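Here is a short report on a few helices and a surface patch. Keep the structure open while reading.

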Amino acid sequence: MNTLWFLAAIGVPCIWGIQGVMLKFGIGEFPPIFMVSLRFLLMFIILSPFLMRMKGYFSKAAVIGLTQGVMHFALLYIGFKYSDVTSGMIVYQTNAIFTLFLGSIILGETLTKHGLAGTLVCILGVSFILGMPQENTNIYGLLIITASALMFAVGNVCVRKFGQFDPVGLNATVALTAFPALLALSFMTEQGQISSLYNASLEAWGALLYTAIFGGVLAFILWYKLLAKFSVDKITPFSLLMPFFAMLGSIVILDEKVTIANWIGAIITVAGIAIIQFGHNLLKNNQFSKPAAISK
């Protein structure tokens with residue numbers, strides 16, 4: 001991996017981590033569900049030329065749009081309204097646990113020993129955050145983010161069940177499905193949408209553009225290109241950096257005070273996710289590294 005590809009692999013989790021920081025600027029002035037509906041509108045405008053790639057698969061992709069697009073993002077934006085960035089981003093990593101167990105229950109995938117061990121480690125890490133949240137964090141906000149992680153996992157299982165999709169075309173379909181549904185949900189449950197469009201600051205508009213263009217389009221395209229060029233085991237570990245970029249962003253940009261419990265929770269949670277994702281490879285490598293028995 002040359003320097004440019006390495007920077008791209010570092011840049012994607014950085015973009016996604018800072019996206020949590022940008023959310024704070026946006027949902028402070030836009031109603032949360034209304035903001036995410038605008039995000040998907042912008043994404044659809046950019047990605048609409050790729051819709052034809054999903055010809056014949058639109059109905060299946062729409063199901064993913066309803067789970068990962070509508071329910072996942074609606075809960076995520078609401079949860080971050082009542083949570084600090086660091087705690088919320090760490091708790092959001094529970095999507096790996098939900099994906100593991102739902103894959104076992106719905107798809108019949110094998111639940112391995114290292115998967116269970118990693119899950120227990122993740123639960124321990126998240127418990128530091130839920131048990132000792134920051135002063136500016138409502139515990140219910142973290143529980144809403146946990147529900148968001150669950151819906152993201154449901155979408156992951158749908159992707160696995162329905163088969164391989166063109167990733168950019170899928171993003172375009174999810175945006176097309178999510179935008180009108182989220183907009184309708186916003187007008188049913190929120191107020192002040194129109195006034196927020198007139199009164200939003202440049203920071204809020206910048207946050208919206210960042211989440212749509214950088215977080216929703218650019219980062220995904222880079223990530224798919226990395227996965228296409230390099231093996232999964234070389235690329236996926238970079239995603240574990242996302243909570244730490246979120247932490248650094250919240251400290252530098254939002255002046256949030258990250259507690260010792262946050263740092264401990266982040267390290268333990270990411271370690272658990274690493275065990276879930278790469279435990280099998282580690283066991284396999286250890287197995288092959290054992291000295292061969294001397295034949296008699």
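The notes below cover two helices, then a patch on the surface.

The model is predicted. Start with the helix lengths. The table sets the expected span, at 1.5 Å a residue, beside the distance between the end C-alpha atoms.

| Helix | Residues | Expected span | End C-alpha distance |
|---|---|---|---|
| α1 (3–27) | 25 residues | 36 Å | 36 Å |
| α7 (139–162) | 24 residues | 34 Å | 35 Å |

For α1, the two values agree. Helix α1 also has a kink of about 30°, centred on glycine 20. For α7, expected span and end distance agree as well.

Helix α7 has a set of buried residues. They are Gly141, Leu142, Ile145, Thr146, Ser148, Ala149, Met151, Ala153, Gly155, Val157 and Cys158. An α-helix has 3.6 residues a turn, so residues three or four places apart point the same way. Just after α7 comes glycine 163, with a positive phi of about 105°.

Now the surface. Ile45, Ile46, Leu209, Ile213, Phe214 and Leu218 form a nonpolar patch there. Together they have about 490 Å² of accessible area. Two elements, α2 (32–47) and α10 (202–229), each give two or more residues to the patch. Helix α10 gives the most, with 4 residues.

Phenylalanine 214 sits in helix α10. Is Phe214 buried, partly exposed or exposed? Its relative accessible area is 38%, so phenylalanine 214 counts as partly exposed. The cut-offs behind that call are under 20% for buried and over 50% for exposed.

Note on methods
Residues are numbered from 1 along each chain as its sequence is written. This is a predicted model: local features need pLDDT of at least 70, side-chain atom pairs count only at pLDDT 80 or more; totals for chains, interfaces and linings use all residues. Side-chain values use heavy atoms; hydrogens and water are left out. Patches are made of residues with over 30% relative accessible area and no salt bridge: like charges are joined within 9 Å, nonpolar side chains (Val, Leu, Ile, Met, Phe, Trp, Tyr) within 5 Å. Accessible areas come from the Shrake-Rupley method with a 1.4 Å probe; for residues, only the protein chains shown count as cover. A salt bridge is a side-chain nitrogen of Lys or Arg within 4 Å of a carboxyl oxygen of Asp or Glu. Buried means under 20% relative accessible area, exposed over 50%, partly exposed in between (1.4 Å probe, protein chains only). The expected span of a helix is 1.5 Å times one less than its number of residues. The bend at a residue is the angle between axes fitted to the seven residues ending there and the seven starting there.
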